[in-house]
Amino acid sequence: MAAPSVANATDLRTDFALLIGGELVGSERSLDVINPATATVFARCPAASQAQLDRAVTSARGASGAWSRLSFEERAAAIKRMAGVLRANQDALAELLTREQGKPVSQSRDEIGRAASQSEGMAAIAIPVEKLMEDAERRIELHYRPLGVVGIITPWNAPINLAAGPLVSALYTGNTVILKPSPYTPLCTLKLGELLRDVFPPGVINIVAGGDDLGQWMTEHPGIDKISFTGSVATGKQVMASAAGTLKRVTLELGGNDAAIVLDDVDPKAVAPRLFFAAFVNSGQVCMAIKRIYAHERIYAALCEALVEEARKARIGDGLDPQTQYGPIQNRMQYERVRGILEDTKRSGARILAGGELPDRPGYFFPPTIVADVDENSRLVREEQFGPIVPVLKFSDIDDVIRRANDTRYGLAGSVWSHDPERGAAIAARLEVGTAWVNQHRATSATVPFGGAKESGIGRTYSVLGLKENMEPQVISVLKQPM
Ligand code: NAD
C-alpha cells in the first residue's frame, strides 16, 4: 500500500488549535491526520511542545484552587453546560469524528450523544462525607479531596467518549485537567476544547494534541498528580512505570480479549445478530468487543451459519455514506497488524467462513471475517486482535470452556448467552473479568463501574468508584474535648 497522499492546500483543514490557559494557540510542530476511508491526509493540527505542556500544567495548577472550592452542584452545572454544547454541535462533531476515525456517521453521533448523557449521569452522583463513628467523645469522618491536576491520555477508537468519562470524573470531583488525544484522532478533541473554552474558567481544562512523546512527558511531569490512561496494555505498563517516578495515581483502562460463551440452549438465529454486532461494531476496534466466541458443540454449526449470514448482510464502506454499517480500520499500522493475524490464521489451516479477502481499493478496509476450527494457541485467540476478525471455537463441557475463557492475561469483560438467564449468571460469575454480562455485551452506564481485571487495567471508571479515583480519602478525627 502506498504512502498516504496529502489533500491539496485548499482542501486541507487546518482550523485547529490547542487550548492552554483558556487561549487557543498554535504550535511550531504539527500532526498530519489521515482519513482512513481514503488513506489521504485531510487535516493538519498543532502538536504541543514540551514548553507548551509546561504552560498547560502551570495554568491547570493556577486554576485548581478556585475550581476545587466550588461545590459539587456548581461544578455539575458547568458539566451540564458541557453536555449541552456536545448536543448542540453533535452533527458537525460527528462528521469530523467519522473523517478522522472511520466509524459510520450514525455511530459517531451516538458516541457524542452518549458522551453527553454519561457526563450528566456522572455529575449527578453524590459523594457525601462518610461518618465512620461518633460517640460522646469522638467523631471520625471520611472526606474526599480533589487530587489537583489530572492528565488524561486517550486512544483512537472512540476519542470523544473515552475523553468524556475521565474528563468529567476529574472535573466534577474538583480537579483541573490536561487532556491529550491520540495522534491518529486529535481533531474532535481539539474542537471540543474550542467549544468548552467558554464553559469552564481558563486553565480548568487544557487540551494538547501531540505524539507518544507528549504522553510520556505528561506521565513524568511533577506538576501532574494523576494519569487517567486508556490504551494498550503495553503502553499502560510504560505509563505506570513512568508515573512511579513522582508516585502519581493511575487509572489504567487497557485492552481486552473478551470471550462470549454461547450455551447449548440458545436459539442461534436469535443470538447471532447480537454477537455479530458486539464483535464487529467499529470494525472490532472496541476494548470490550467480543474477541472470542465459544459455542457449544450442539449449536456450533447453526451459530456459524447464522453469523455468516450476518456477515453477508453487513454493509462496509466510507463512514460518511449513511448506508455504511462498518467502516475501515482506523490506521495503517493496525490494518497491517490485523492483516498479519489473518495471514497467520490462513496458514494455520483454520476455516475462513466469511470475509478474509481484502478489497483492492484505497483506505484501510477489511471485511468482517469469521473463522472456525481455530487452534486455541493461535495469535487470533491469544492476542487482542482489535479488528474485524473473530474466531468461533467449539466446547462441550462448561468447566472446560470457563478454563479456556480465563486462560489469558486479559480480564476486561466477557459474556454468557443462554435461554435461562440465571444459568447464564452462575457461569458469568466464574469469569475472571471486570464485567461479566448475561445475554448482552458492551452495556455500560454512568453509574456502573467499568474496568479491567488482570492486565486489562487498574481501577475503574464511571460510578462512585470511578469518581473517587480522582480524590484522596482524608480522615477527619475530632476529639470532642475543649483544650
Ligand atoms: P496506545 O497505547 O498505542 O495509545 C494510547 C495513547 O497513549 C495515545 O494517546 C498515545 O499517544 C499515548 N502514548 C503512547 N506511548 C505513550 C507513552 N510511552 N506514555 C504515555 N502515553 C503514550 O493505544 P491505541 O492503539 O491508541 O488504542 C488501542 C488500545 O486501547 C487497545 O488495546 C484497546 O483495547 C485499548 N482500549 C481500552 C479501553 C478500556 O476502557 N479498557 C477503551 C478503549 C481502548
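Q: What makes up the shell around the ligand: which helices and which strand each supply at least two residues?
A: Helix H7 (212-220), strand S11 (226-230) and helix H8 (233-243) do. Helices (H or I, at least four residues) and strands (E, at least two) are DSSP runs, numbered from the N terminus. H7 gives the most, with four residues.

Q: What kind of model is this, and which pLDDT values does it need?
A: This is a predicted model: local features need pLDDT of at least 70, side-chain atom pairs count only at pLDDT 80 or more, and totals for chains, interfaces and linings use all residues. Residues are numbered from 1 along each chain as its sequence is written, and side-chain values use heavy atoms, with hydrogens and water left out.

Q: How many residues surround the ligand, and which are the closest?
A: There are 29, and the closest are Thr154, Asp212, Ser232, Leu254 and Glu384. A residue is near a molecule or strand if one of its heavy atoms lies within 4 Å of it.

Q: What makes the pair between Glu384 and the ligand a polar contact?
A: A polar contact is a pair of N or O atoms within 3.5 Å; within protein, one must be able to donate a hydrogen and the other to accept it, and residues adjacent in sequence count only if both atoms are side-chain atoms. A side-chain N or O atom of Glu384 is 2.6 Å from an oxygen atom of the ligand. That value is within 3.5 Å, so the pair qualifies. A polar side-chain atom of Ser232 lies 2.7 Å from a ligand oxygen atom.

Q: Why is Lys191 called buried?
A: Buried means under 20% relative accessible area, exposed over 50%, partly exposed in between (1.4 Å probe, protein chains only). Lys191 has 13%, so Lys191 is buried. Lys191 lies in helix H6 (residues 187-196). The side chain of Lys191 makes a polar contact with the side chain of Glu194, at 3.0 Å.

Q: Why does Asp318 count as partly exposed?
A: The relative accessibility of Asp318 is 25%, between the two limits, so partly exposed is the right term. Asp318 is in the loop between helix H10 (300-313) and helix H11 (332-347). The side chain of Asp318 reaches the backbone nitrogen of Leu320 at 2.9 Å.

Q: Which residues does Asp318 touch, not counting residues up to four places away in sequence?
A: Ala37, Thr324, Arg361 and Phe365. Contact means heavy atoms within 4.5 Å.
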